[in-house]
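Welcome, and thanks for taking a look at this model with us. Please open it beside this briefing, so that you can follow each topic on screen.

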Amino acid sequence: MPRANKELIRGMNRSLLLNAIKSEGEVSRVALVHMTGLSPATVTAITGQLIKENLVFEKTTGDSTGGRPPILLALNPRGGFVIGIKLMEGQAVGALTDLNATILAKDTIAMEDNQVETALDMITTLVARLIKGSDIRKKQLMGVGIGLAGVIDFNNGIVKQNPFLGWHNIPLRDLLVSRLRVPVYIDNDVNTLTLSEKWLEPGRPEDHFIVITIGRGIGMGIVFNGQIYRGKGGGAGELGHVMVDPDGPLCDCGRHGCLESLISDRALVGEARRMVSSDIRDLDDLIERAETQADAANILVRAGSIMGGQIANLVNLYDPNLIIISGEGIRMGEIFFSALHKTFRDHVMPGLAEDTEIRIDSWGDDIWALGAASLVIAEIFTSPIQKEEGSIMAS
Ligand SMILES: [Zn+2]
């Protein structure tokens, strides 16, 4: 067999075993043979290598049935570390985590401008600070994940389009690999969040789910058949730019009436300044006024209703098990979400609504950086077929 094929198969078996150990928590070699269908010799050889790499460790159970206690294998979450960074206009937020995505250090760095060179400098500094702040050695770092808005070509590591930074066709992954000398992965920020839902929630049963983020923009991540769906070039899930009203306001993308132009933070604040009071400061101010003022509340009701209609469209198209709503905008709260649920129920096809759960995610500042970290964790556990096209190993 050619060497390349042998290595590929070995890599596939390795990720098969890593995944099995991860999903079981603790598992014997015999059970791994049964679960994977690999030969006992292959399981022994590969788990031996994983133990040597410190990714897996052996533990003896306190089994008191009299015989030799079975030796179980478990994942060593501190066998490697990853860094996730959310890159946005004005700042980059990073977290260093172990393989269970437990945060060991986090940090934020301001970006003076939107130049690519500036971003490369800031990310390099941030990575160095996170390593220093968590007391790990650089060689224990298994990779850096970057999440950012826009159309991102994950396979080729290219930022095709980022509206906030004004970037077009920037080979960000390769530029960072040559600076950081570790594997780097880049993806759309909502995709990284979606991956973290898939990878970091133990035993998540849903094979078909959609993550929607609301806030400064509107984003969407799609999991079909257990796999993230990115489209042909990373553009899938641009929910913020589906057309809602052809005569609507001008959007950042240059067209009129996109969902984002109607219900993003900025759109709602702009509308509130025109319709309610010119001295409304920000979204939090609008939310506060909506508690007591009907005209302010109406803005959130209308936004919730527009979003609910879009979710009904998505469920009609994709029939997912679960829709997760996340992002800074979930603080719009009860007024927004009761309108959302009502319009959803009114517009979803009969028979599809009952078994589709809409879940509002708990929201924390860390989740974007954690999402980017999970991009690397997912790669570590992913088959080398995807890895070959998806990553560049630093020499
Ligand atoms: Zn648009």
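The notes below go through a metal site, a sheet with its helices, one strand residue and two backbone angles. Keep in mind that this is a predicted model. A zinc ion has four donor atoms in a tetrahedral arrangement, and five strands make up an open sheet of mixed pairing.

**The zinc site**

- Which residues donate to the zinc ion? The protein donors are His241 through ND1, and Cys251, Cys253 and Cys258, each through SG.
- These donors lie 2.0 to 2.3 Å from the zinc ion.
- The angles subtended by the four donor atoms run from 105 to 120°, so the arrangement is tetrahedral. For comparison, the ideal angle for four tetrahedral donors is 109.5 degrees.
- Along the sequence, the donor residues follow the spacing H-x9-C-x1-C-x4-C.
- His241 and Cys251 both lie in the loop between β14 and α7 (259-263), so this pair ties together parts that are ten residues apart in sequence.
- Are these two donors buried or exposed? His241 is buried because its relative accessibility is 18%, under the 20% limit. Cys251 is also buried, with a relative accessibility of 6%.

**The sheet and its helices**

- The open sheet has five strands in the order β14-β13-β12-β15-β16, and its pairing is mixed.
- β14 and β16 (357-360) are the edge strands, each having a single partner, so one side of each has no neighbour in the sheet.
- Within the sheet, β12 (residues 209-214) and β15 (residues 322-326) run parallel and are joined by five bridges. One residue to look at in β12 is Ile210, whose bridge partner in β15 is Ile323.
- Helix α10 (residues 294-318) packs on the sheet, where it touches β12, β13, β15 and β16. The direction of α10 makes about 160° with that of β12.
- Helix α11 (residues 333-347) packs on the sheet as well, with contacts to β12, β15 and β16. The direction of α11 makes about 165° with that of β16.

**Helix α12**

- How far apart should the ends of α12 (residues 367-380) be? At 1.5 Å a residue, the 14 residues should span 20 Å, and the end C-alpha atoms are indeed 20 Å apart.
- α12 is mostly covered, with 14 of its 14 residues buried.

**Leu96 in strand β5**

- Leu96 belongs to strand β5 and counts as buried, at 0% relative accessibility.
- Leaving aside residues up to four places away in sequence, the contacts of Leu96 include Phe81, Val82, Ile83, Leu104, Leu130 and Ile136.
- Asp107 is eleven residues from Leu96 along the chain, and the C-alpha atoms of the two are separated by 8.9 Å.

**Two positive phi angles**

- As background, most residues other than glycine have a negative phi.
- Ala101 has a phi near 65°, a positive value in a residue other than glycine. The loop between β5 (91-98) and β6 (103-110) holds Ala101, which is buried at a relative accessible area of 13%.
- Asn225 has a positive phi too, near 50°. The place of Asn225 is the loop between β13 (218-224) and β14 (227-228).
- Is Asn225 buried or exposed? Asn225 is exposed because its relative accessible area is 61%, over the 50% limit.

Key. Residues are numbered from 1 along each chain as its sequence is written. This is a predicted model: local features need pLDDT of at least 70, side-chain atom pairs count only at pLDDT 80 or more; totals for chains, interfaces and linings use all residues. Side-chain values use heavy atoms; hydrogens and water are left out. Helices (H or I, at least four residues) and strands (E, at least two) are DSSP runs, numbered from the N terminus. Buried means under 20% relative accessible area, exposed over 50%, partly exposed in between (1.4 Å probe, protein chains only). Donors are N, O and S atoms within 2.8 Å of the metal (3.2 Å for Na, K and Ca); water is not among the atoms, so sites may look incomplete. Four donors count as tetrahedral if all angles lie between 85 and 135 degrees; four count as square planar and six as octahedral if opposite donors are over 155 degrees apart and all others between 65 and 115; anything else is irregular. Two strands pair if DSSP finds at least two bridges between them. Contact means heavy atoms within 4.5 Å. Axes are lines fitted to C-alpha atoms, for helices over the stretch in contact, and angles run from 0 to 180 degrees between N-to-C directions. The expected span of a helix is 1.5 Å times one less than its number of residues.
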